[in-house]
6 protein chains.
Amino acid sequence: MATLPLLDDADLSPEARAVFDDIRATRGSDFVNNFWRALAHDPALLKATWERLKTVMGPGTLDPLTKELVYMAVSITNSCPYCAHSHTAAAKAKGMTEAQYGEFLAVLAMASQTNALATALQVKVDDAFLA
Amino acid sequence: MATLPLLDDADLSPEARAVFDDIRATRGSDFVNNFWRALAHDPALLKATWERLKTVMGPGTLDPLTKELVYMAVSITNSCPYCAHSHTAAAKAKGMTEAQYGEFLAVLAMASQTNALATALQVKVDDAFLA
Amino acid sequence: MATLPLLDDADLSPEARAVFDDIRATRGSDFVNNFWRALAHDPALLKATWERLKTVMGPGTLDPLTKELVYMAVSITNSCPYCAHSHTAAAKAKGMTEAQYGEFLAVLAMASQTNALATALQVKVDDAFLA
Amino acid sequence: MATLPLLDDADLSPEARAVFDDIRATRGSDFVNNFWRALAHDPALLKATWERLKTVMGPGTLDPLTKELVYMAVSITNSCPYCAHSHTAAAKAKGMTEAQYGEFLAVLAMASQTNALATALQVKVDDAFLA
Amino acid sequence: MATLPLLDDADLSPEARAVFDDIRATRGSDFVNNFWRALAHDPALLKATWERLKTVMGPGTLDPLTKELVYMAVSITNSCPYCAHSHTAAAKAKGMTEAQYGEFLAVLAMASQTNALATALQVKVDDAFLA
Amino acid sequence: MATLPLLDDADLSPEARAVFDDIRATRGSDFVNNFWRALAHDPALLKATWERLKTVMGPGTLDPLTKELVYMAVSITNSCPYCAHSHTAAAKAKGMTEAQYGEFLAVLAMASQTNALATALQVKVDDAFLA
């Protein structure tokens, strides 16, 4: 289904293998998902993407589940099936309850509908909202 | 700038005025932003949109700032200038610090870039991510 | 505001002028909107775009207002301010009433919200919907 | 393929069952499509979505096929496969002929192309189009 | 999986057959991909689309691979799986190396991320960028 | 117009100033555009974005204008006005002629239209296109 064959561990270049090792160590799991197996064809891009992801999703002033919900919202709005699946799974792994998922969906649907209305009406931005 | 003139308080129908009264009471502020002033041309749509928004963004299992960050993420990904401005302002009003805004932006940028890569590569969804 | 200066009638090449003449004759109006004045820098692209538009929006099995509402729906969903403005104006010129505009907005908002939910949930297409 | 298992009739909560009953009564058909079976995990969201859909797509000043074509246009432009399939099927059920489908596709393609050009050229909105 | 059955050569109308003949002659290959087999239900739309594609992707001032990379970028950003697959295959057929594909992906990811940031921040266009 | 005030040189933190110095040295120009002046509120995000951009848009196997055209295509398809303006200006600075711009626009319009058709028809990917 991909535009490039997904690489098995045995097919990795040394540079790609080092990134996979870090993914496994950081996540405390042997599982490496298909996204990285496709990116592994270009070790430099693989490394740059993973390093940045690790920094961005690491500890900070927003809690991990909030970050993951933002990631889900972007992924769904971008109509990316792989991303919707993988980040919904990640949010569940980070503790998202079924009630929280329902509320997330309600906010997502609300935002999508008011976005469409604001764009249709081409409403001028209120002065109060400008920095 | 809008496709319909924005309605002043004096131009509202009784049905629209009742919605504006509820917006003011709910928010504890006299300010009613332009989005509602454009929607006020259609009181039924105005009322349905506001009632649903009040329910969705009200108390629940996700805290108010998290809901607002999801709203922002959808609005920005949908390329809606009005929505980006108004919901960034709303998040600040709900306590988003400058550091949190920076982290939000970093997650947004990260998600946008991995979404593009996953779509480009047309990666097959891992079985582990399916419900 | 454009990436190319908008061309006045006096600046048109003979090929672009011929297209402008046809736009005016077809629409029965002297007004030529800015979209065509930007495209006029490339007379071949201007001509191909206009000729196809004239065919597509001309008489057929869908009535003119229905076609314009579809055009509006695409334009708004694509987050194109120029297109939202110009095709909303065109729909009004073709007889869209304020009540119809309100219903259009309600359908647009409904579709945007269920689209977001279906993408979030990654629902499998029912066999009944496949051709 | 979904992020949540699709619920069979036997798995429904009483609140979800009541919504399914209304879907069946309103449509005069026993078939309930997968979208509702995924939403049924959150009966409140299921009910709010269905109630609003029933109102919006019910009788009004736009005929049912026109509303469905607008719904299709939004769904396709939002790149939602489930939505494209289900609303194309719905339009056929509401009488869309093959000739009308062809014209719809031509308008969709035209709008998509001029939207891209207007966004590329960043054309300023004509004063004539402002409300 | 399509909303219309894909047409085999034996099912084509004479008008559609003539377009298929031209596709085969132009490409020097007997293979006609599914996109054209779906469009063939509407011979006028099929012909208009193919004729324009042949002109646009034919010889000009941009080399064929550059045009194909622009086509890929649009297709991926539009979240169109069919288009991403078919135009990535076309770029490979036109000589895109694995290193070039990697660089293309890096530019795509970069653009997606800065686009998201610029939209989030609603940055004012610099005067230096206006025509 | 932004969600944050644009920072003048005098307002920069030492970390942000160092990035601005590198932007100026790399581009051989004193001009620093507004995008960076908004990002400068978060020096870590500013630095990460600029460093990656410098690497990605630097020398490689695709020529600089091709990379810029891909960047433009993504930016326009993402409906980002700032990005469309700034990257069209960048492409002109890298030598894009008016004829090349016209061809770029034609490819962009073509891709946008066939993308819409492929999504509408939900065409199954040909086996020949799978890796």
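What follows is a walk through how the chains of this predicted model sit against one another.

Some bookkeeping comes before the contacts. Residues are numbered from 1 along each chain as its sequence is written, while chains are lettered from A and ligands numbered from 1 in the order in which they are written. Since the model is predicted, local features need pLDDT of at least 70 and side-chain atom pairs count only at pLDDT 80 or more, whereas totals for chains, interfaces and linings use all residues. On pLDDT (the predictor's confidence in each residue, from 0 to 100), chain A has a mean of 97, and 99% of its residues reach 70 or more. For the complex, the predictor gives an ipTM of 0.97 and a pTM of 0.97.

Chain A itself is split by the domain assignment into domain 1 (1-56) and domain 2 (60-122); such bounds come from an automatic or database domain assignment. Taken over C-alpha atoms, the centres of the two domains of chain A lie 25 Å apart.

Now for the pairing of chains A and B. Copies were superposed by least squares on the C-alpha atoms of residues with pLDDT of at least 70 in both. Chain A lands on chain B with an RMSD of 0.0 Å after a rotation of 180 degrees and a shift of 0.0 Å along the axis, which is the relation of a two-fold axis. A:Val70 is the residue of chain A that comes closest to the rotation axis, its C-alpha being 2.6 Å away. The contact draws 58 residues from chain A and 58 residues from chain B, where two residues are in contact if their C-beta atoms, placed from the backbone, lie within 7 Å. On the chain A side, the elements giving two or more residues are α2 (34-39), α3 (43-56), α4 (64-77), α5 and α6. (Helices are DSSP runs of H or I with at least four residues, strands are runs of E with at least two, and both are numbered from the N terminus.) The top contributor is α6(A), with 16 residues. By class, that side of chain A has 34 nonpolar, 19 polar and 5 charged residues; here Ala, Val, Leu, Ile, Met, Phe, Trp, Tyr, Cys and Pro count as nonpolar, Asp, Glu, Lys and Arg as charged, and the others, Gly among them, as polar. The interface residues of chain A are 100% shared with chain B as interface residues, so the copies meet through the same surface.

Chains A and D tell another story. A turn of 120 degrees with a shift of 0.0 Å along the axis lays chain A on chain D, again at an RMSD of 0.0 Å, so the two copies are related as by a three-fold rotation axis. The C-alpha of chain A nearest that axis belongs to A:Ser79, at 3.7 Å. Here 7 residues of chain A touch 7 residues of chain D. On the side of chain A, α5 (81-93) and α6 each give two or more residues, and α6(A) has the largest share with 4 residues. That side comprises 2 nonpolar, 4 polar and 1 charged residues. Only 14% of the interface residues of chain A are also interface residues in chain D, so these copies meet through different surfaces.

Helix α6 turns up again in packing between chains. In chains A and C, the two α6 helices (residues 98-121 in each) pack at about 145 degrees with their axes 8 Å apart. Axes are lines fitted to C-alpha atoms, for helices over the stretch in contact, and angles run from 0 to 180 degrees between N-to-C directions. Among the residues making this contact are A:Leu105, A:Leu108 and A:Ala109 of α6(A) and C:Ser112, C:Gln113 and C:Asn115 of α6(C). The contact has 12 nonpolar, 6 polar and no charged residues.
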